[in-house]
Amino acid sequence: MSGFSFNLLKITDPRFRLGKIIFSRNKHEKILDTPNCFVYTIRGSVPHLTPDNLQTIPADAFGITLEHFLEVQPPSSTYFMGGIHKFLNLEEYPLFFDVRDSEKLQNISFGTDKYVPVVTSHGCRKVTLEEYIRYMNIYNPDIFASMTDLITVKNPGLKRVKKSVDRTLNWLDETLEHTKEGIQVFGVVTGYDKHEERERSAKETANRNVAGFVLNGFDLDMTSKERLDLMKISLKYLPRNKPRGIDIFNTSYPSDMTSLGHALTFLLIEDGIQHRREKFINLWDDKYRTDFKPILDECKCYTCQNHKRAYIHHLLKTHEMLATVLLMSHNLFHYLQFFKTIRKSINLNTFTNTAIQFINMYGSDDNDASNT
Ligand SMILES: [Zn+2]
């Protein structure tokens, strides 16, 4: 038997909410305190890290993308009847599935009412709704996002956005009807920059029996203010007693920073003194050649406890794989610490710069949901 519940523990400043998601499966409970992250994976593994490295990271849950499994169809993993947790050796964690990797969304041809196109390392493939639901019923993840008609062209017209909202809602209805009991479905709220469509998508999705919501339909070219305004429209119509986009994020950012040779250094804890620090440092820079400090003095990650900036710089310069392993160990640890700090801030009502930074990164929540 499996179960799922979301407890909204605290709303302090209108912009912050603290919650707890409880997953139960085979009499085991897994708890995800929110705001939190689904750790970003590629083909089910965390970029730059091995399962051994992962032991040092306080990861709570993982996000998996079907797109990465579709080189051959059906994917070999669907022949394994023990479920996706066992297949990926992530049995201890809640797993969230989506069709496409929205962080690395590539512009490909339009889908139809029957399928969405996906990009694999062997070229483009199609995945139908029927296939997606069948795979999810075999994989048995804790949660998956219903299939979405994503638009990958710039500035889509109203007609195209309407079609995207309609398809996404129709697919959600089919999904809710055919998904095995015990697997939670998150509805995807879209609508791009068309306010009335964003409102319709949110209202209609909220009317369905979904466990939570994914906020989608943001263009990477949008300014954070534009994103924020659109997010507010969506959130206004979503019930506050379900997880909804602003509660769970992903960790593609630390992965991308690692690929660039950057180490995250933004401030986590306020000391009452308004001091500035770089958000990240670029360890490729020759100035780190003789820098024998850890990335961050106060960081408790494996890398900062054991290695110096100069060593990582040397590993980068010599194209040693260990460079990105050490960098990712720090970056992911630091990023997850950031969310831990945010939770603490909300709990203690201390609105530090860290919390403000959080709003600036991700947007805020009006908490004026009309249907609660
Ligand atoms: Zn560190």
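The following exercises, each with a worked solution, concern a predicted model of a single protein chain.

**Exercise 1. Overall dimensions**

Determine whether the radius of gyration of the protein chain agrees with that of a compact globule.

Solution.
Step 1. The chain has 372 residues, for which a compact globule would have a radius of gyration near 21 Å.
Step 2. The value for the protein chain is 21 Å, which agrees with that expectation.
Step 3. Along the principal axes, the C-alpha trace spans about 60 × 45 × 45 Å.
Step 4. Of the 372 residues, 42% are buried. Among contacts with a separation of 6 or more, 69% are between residues 24 or more positions apart.
Step 5. The secondary structure of the chain comprises eleven helices and 14 strands.

**Exercise 2. The parallel sheet**

Establish the strand order of the open sheet of seven strands, and identify the strands at its edges.

Solution.
Step 1. The order is S11-S10-S9-S6-S5-S4-S12, and the pairing is parallel.
Step 2. Strand S11 (212-215) and strand S12 (248-250) each have a single partner strand, so one side of each lacks a neighbour in the sheet; these are the edge strands.
Step 3. From one strand to the next, the twist averages 30 degrees.
Step 4. S4 and S12 run parallel and are joined by three bridges; here phenylalanine 38 stands opposite asparagine 250 in S12.
Step 5. S4 is also joined to S5, by two parallel bridges, and the partner of tyrosine 40 in S5 is glycine 63.
Step 6. Strand S4 (residues 36-40) has five of its five residues buried, so the rest of the structure largely encloses it.

**Exercise 3. Strand S6 and its two pairings**

Describe how strand S6 (residues 95-98) pairs with strand S9 (residues 143-145) and with strand S5 (residues 62-65), and state which way the side chains of S6 point.

Solution.
Step 1. S5 and S6 run parallel and share four bridges. Threonine 65 has aspartate 98 as its bridge partner in S6.
Step 2. S6 and S9 pair in the parallel sense over two bridges. Isoleucine 143 in S9 is the bridge partner of phenylalanine 96, and phenylalanine 97 stands opposite phenylalanine 144.
Step 3. In a regular strand, side chains alternate between the two faces of the sheet.
Step 4. In S6, Leu95 and Phe97 point one way, while Phe96 and Asp98 point the other way. All of these residues are buried.

**Exercise 4. An antiparallel hairpin**

Characterise the connection between strand S7 (residues 115-120) and strand S8 (residues 123-128).

Solution.
Step 1. The two strands run antiparallel and are joined by six bridges.
Step 2. A hairpin of two residues leads from S7 to S8.
Step 3. Within this pairing, proline 117 stands opposite lysine 126 in S8.

**Exercise 5. The annotated binding site**

Locate the residues that UniProt assigns to the feature "binding site", and examine the surroundings of Cys301 and Cys304.

Solution.
Step 1. The unreviewed UniProt entry places this feature at Cys299, Cys301, Cys304 and His330.
Step 2. These positions are spread over 32 residues of sequence, yet they cluster in space, with a largest C-alpha distance of 8.2 Å.
Step 3. Cysteine 301 is found in the loop between strand S14 (280-282) and helix H8 (302-306), whereas cysteine 304 lies in helix H8.
Step 4. A residue is buried if 20 or more other C-beta atoms lie within 10 Å of its own. Cysteine 301 has 23 such neighbours and therefore counts as buried; cysteine 304, with 22, is buried as well.
Step 5. Beyond four places in sequence, cysteine 301 touches Thr56, Ser329, His330, Phe333 and His334. With its neighbours within four places likewise left aside, cysteine 304 is in contact with Pro294, Ile295, Leu296, Cys299 and His330.

**Exercise 6. Helix H10**

Test whether the span of helix H10 (residues 322-348) agrees with a rise of 1.5 Å a residue.

Solution.
Step 1. At that rise, the 27 residues of H10 should span 39 Å.
Step 2. The end C-alpha atoms are 39 Å apart, in agreement with the expected span.
Step 3. H10 is mostly covered, since 19 of its 27 residues are buried.
Step 4. Just after H10, asparagine 349 adopts a positive phi of about 55 degrees.

Technical notes. Residues are numbered from 1 along each chain as its sequence is written. This is a predicted model: local features need pLDDT of at least 70, side-chain atom pairs count only at pLDDT 80 or more; totals for chains, interfaces and linings use all residues. The expected span of a helix is 1.5 Å times one less than its number of residues. A residue is buried if 20 or more other C-beta atoms lie within 10 Å of its own, exposed if 12 or fewer, and partly exposed in between; C-beta atoms are placed from the backbone. The radius of gyration is taken over C-alpha atoms; the globule rule is 2.2 Å times the number of residues to the power 0.38. Two residues are in contact if their C-beta atoms, placed from the backbone, lie within 7 Å. Two strands pair if DSSP finds at least two bridges between them. UniProt positions are given in the numbering used here, feature names are shortened, and annotations may be inferred rather than shown by experiment. Axes are lines fitted to C-alpha atoms, for helices over the stretch in contact, and angles run from 0 to 180 degrees between N-to-C directions.
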